Amino acid sequence: MQAPIYQVDAFASRAGEGNPAGVCLPPAPVSGAWMQDVAAEMNLSETAFLRPEDGAWGLRWFTPTVEVDLCGHATLAAAFVLWSEERSDPGAPLHFATRSGRLAARRGREGRVELDFPAEPALPAAPPAALLRALAPDGDAPEIVAAARNRVDWLLELADEEAVRALAPDMRALAAVEARGTIVTAPAGERARRQDPTADFVSRFFGPAVGVPEDPVTGSAHCALGPWWGNRLGRTLVTGRQVSARGGTVEVRMRGRRVTLAGRAVTVLRGTIDV
């Protein structure tokens, strides 16, 4: 038996940008161990697995090493595959049953995919010394404007975009910090606005503890970044540019305890994998 599998660049307007995700549709139930093996074989930051389930799609996400509770870019990739491969009506919203509850996706303007996700606001907190040492292994620590923590990640606001771009963390030390990952962010500067004139802020995301040293574009991190910058700017709609080597843009609209994450996607690979 074979399962269709795809590789999709999510939060990307062209191939080679954004965050690559695997999307696999096993034709029959499979074990979590099998899904983990496939995710390791794909060796992407996340691979999504889809199965029809009670009028929705069961959706699970795996990094090369662990299953995770929430993943934005692989959800966007999954929705894009279901529509573009004609497995679901593109005029109707999609519903996903996940470890983070019920999620939804719908077609947005100009080819965007819009995801309905829970907001994950970060509250002020003092970062542990181990985190600060891991971010500045040479001892030249960046200026931290504010620090906060939500249920999964640390969020550090730095003084400017160049400080975010210049970070070169010690990944082994960072993996020992108790959190899924670390988000660093700053107001968008000239370089980000050359890449996307709509950018309000920049970010990077480091998740070595879950097998992702640096994630190219992180939808779930924007569940924290959207509320953070929305409060800072006094707006309900903000746009982030993740300034990894690949880079990508995420639009975030705040809706109380929920956020809408919007972005584009491109399929770059179609194939099958043995089950």
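Exposed, in what follows, means over 50% relative accessible area, and buried means under 20%. By that cut-off Asn43 is exposed, because its relative accessible area is 56%. I should say at once that this is a predicted model, and I will come back to Asn43 after an overview.

Overall layout, then. The protein has 7 helices and 18 strands. Its radius of gyration is 18 Å, close to the 19 Å that the globule rule gives for 275 residues, so the protein is as compact as a globular protein of that length. The C-alpha trace spans about 55 × 35 × 30 Å along the principal axes. Of the 275 residues, 56% count as buried. The accessible surface comes to about 11,600 Å², and carbon and sulfur atoms hold 49% of that. On contacts: taking those with a separation of 6 or more, 65% are between residues 24 or more positions apart.

Next, the interior. How many residues does the largest nonpolar core have? It has 53. Leu50, Trp61 and Phe96 are the residues with the most contacts inside this core. Helix α2, residues 72-84, gives the most to the core, with 9 residues. There is also a second, separate core of 20 residues, and Leu131, Leu158, Val164 and Ala199 are among its members.

Leu50 is worth selecting on the screen. Not counting residues up to four places away in sequence, Leu50 touches a run from Val23 through Cys24 and Leu25 to Pro26. Trp57, Gly58 and Leu59 also touch Leu50, as do Ala78, Leu82 and Phe96.

Now helix α1. This helix covers residues 32-42. Which of its residues are buried? They are Trp34, Met35, Gln36, Val38, Ala39 and Met42. The spacing in that list has a familiar background: an α-helix has 3.6 residues a turn, so residues three or four places apart point the same way. The cover over the buried residues of α1 includes β1, β2, β3, β4, β5 and β18. In residue numbers, β1 is 2-10, β2 is 19-24, β5 is 67-68 and β18 is 265-274.

That brings us back to Asn43, which sits just after α1 and takes a positive phi of about 55°. Asn43 is not a glycine, and its place is the loop between α1 and β3, the latter being residues 46-53.

Asp54 is another residue with a positive phi, of about 50°, although it is not a glycine. Asp54 is found in the loop between β3 and β4, with β4 at 56-62. Is Asp54 buried or exposed? Exposed, because its relative accessible area is 77%.

From there to a charged residue in the interior. Asp9 is in strand β1. Asp9 counts as buried because its relative accessibility is 3%. The side chains of Asp9 and Arg246 are joined by a polar contact of 3.2 Å. Beyond its neighbours within four places in sequence, Asp9 has a long contact list, including Arg14, Ala15, Gly16, Glu17, Asn19 and Pro20. Arg264, Ala265, Val266 and Val268 are also in contact with Asp9.

Asn150 is the next one to find. It lies in the loop between β10, residues 144-149, and β11, residues 153-158. Although in a loop, Asn150 is buried, because its relative accessible area is 9%. What does the side chain of Asn150 reach? One partner is the backbone nitrogen of Val152, at 3.0 Å. Another is the backbone nitrogen of Asp153, at 2.7 Å. Leaving aside neighbours within four places in sequence, Asn150 is in contact with Glu120, Pro121, Ala122 and Ala224.

The last stop is Arg232, in helix α7, residues 222-233. Arg232 is partly exposed, because its relative accessible area of 42% falls between the two cut-offs, 20% and 50%. Outside its neighbours within four places in sequence, Arg232 is in contact with Ala146 and Glu157. With Glu157 there is a polar contact, side chain to side chain, of 2.6 Å. For a sense of distance, Arg232 and Tyr6 are 38 Å apart in space, C-alpha to C-alpha, and 226 residues apart in sequence.

To close, two side-chain pairs to keep on the screen: Asp9 with Arg246 at 3.2 Å, and Arg232 with Glu157 at 2.6 Å.

Terms used:
Residues are numbered from 1 along each chain as its sequence is written. This is a predicted model: local features need pLDDT of at least 70, side-chain atom pairs count only at pLDDT 80 or more; totals for chains, interfaces and linings use all residues. Side-chain values use heavy atoms; hydrogens and water are left out. Helices (H or I, at least four residues) and strands (E, at least two) are DSSP runs, numbered from the N terminus. Buried means under 20% relative accessible area, exposed over 50%, partly exposed in between (1.4 Å probe, protein chains only). Contact means heavy atoms within 4.5 Å. A polar contact is a pair of N or O atoms within 3.5 Å; within protein, one must be able to donate a hydrogen and the other to accept it, and residues adjacent in sequence count only if both atoms are side-chain atoms. A nonpolar core is a set of buried Ala, Val, Leu, Ile, Met, Phe, Trp, Tyr and Cys residues joined through side-chain atoms within 4.5 Å. The radius of gyration is taken over C-alpha atoms; the globule rule is 2.2 Å times the number of residues to the power 0.38. Accessible areas come from the Shrake-Rupley method with a 1.4 Å probe; for residues, only the protein chains shown count as cover.
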